[in-house]
Amino acid sequence: YNDENSFFDRKRQLNLHTKEGKAKFLKHICALSNSNPENNSFIVVGVEDDNEIVGDDFFDDSRIQNLVNAVLENPPMISYENIPFPKLPKDKVIGLVTIQANPKITSFKKTLGNIPAGSVFIRIGSNSVPLENNEFEVNYQNAQIVSDIEKNSRNSIEHTLDAVMDFV
């Protein structure tokens, strides 16, 4: 239920079937990576802006990493998890994209859709915006917030798994 910010984004769905869809997704990857060089960033896929859980298709982790590596210069490591969720149809999941910390500036190394080669994006609040003069100030304040969220998430998963094991 967190609002979108400089290290967290949510998307209704991924459109990796068109150049424009790939470009839009990679723009957000680029912006989140550049805005958080010392901590992970996240995109949750299959959730509306009003937090309604709608799900999305399954995606292959390696396909997404290959796309990132092919188009972005200094690409961050990406992990994509397909997470089954209660009350979603069997062919739908919630996707969790984790963009690992990357101290180098990420940019587009080739043109994709309407984004020219050399473009650099950063995150300002909940918006991914182009960098005009290749100078920006990184927000290092996010590190503790992200660490706390990750710790809380791990604890929640651990408690859930413990409860399942107790039930079994």
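**Exercise 1.** Leaving aside its neighbours within four places in sequence, which residues is Ser33 in contact with?

*Solution.* Ground rules first: this is a predicted model, where local features need pLDDT of at least 70, side-chain atom pairs count only at pLDDT 80 or more, and totals for chains, interfaces and linings use all residues. Residues are numbered from 1 along each chain as its sequence is written, and side-chain values use heavy atoms, with hydrogens and water left out.

Step 1: find Ser33 in helix H1 (helices are DSSP runs of H or I, at least four residues, and strands are runs of E, at least two, numbered from the N terminus).

Step 2: list its contacts (heavy atoms within 4.5 Å), skipping neighbours within four places: Pro76, Ile99, Asn102 and Thr106.

Step 3: check for a polar contact (a pair of N or O atoms within 3.5 Å, one able to donate a hydrogen and the other to accept it; residues adjacent in sequence count only through side-chain atoms on both sides). The side chains of Ser33 and Thr106 make one, at 3.2 Å.

**Exercise 2.** Work out which element gives the most to the largest nonpolar core.

*Solution.* Step 1: a nonpolar core joins buried Ala, Val, Leu, Ile, Met, Phe, Trp, Tyr and Cys residues through side-chain atoms within 4.5 Å; buried means under 20% relative accessible area with a 1.4 Å probe, protein chains only.

Step 2: the largest one has 25 residues, and Phe25, Leu26, Ile64 and Val97 have the most contacts inside it.

Step 3: H1, E2, H2, E4 and E5 each give two or more residues. The winner is H1, with seven.

Notes. Buried < 20%, exposed > 50% of the residue type's maximum accessible area, 1.4 Å probe, protein only.
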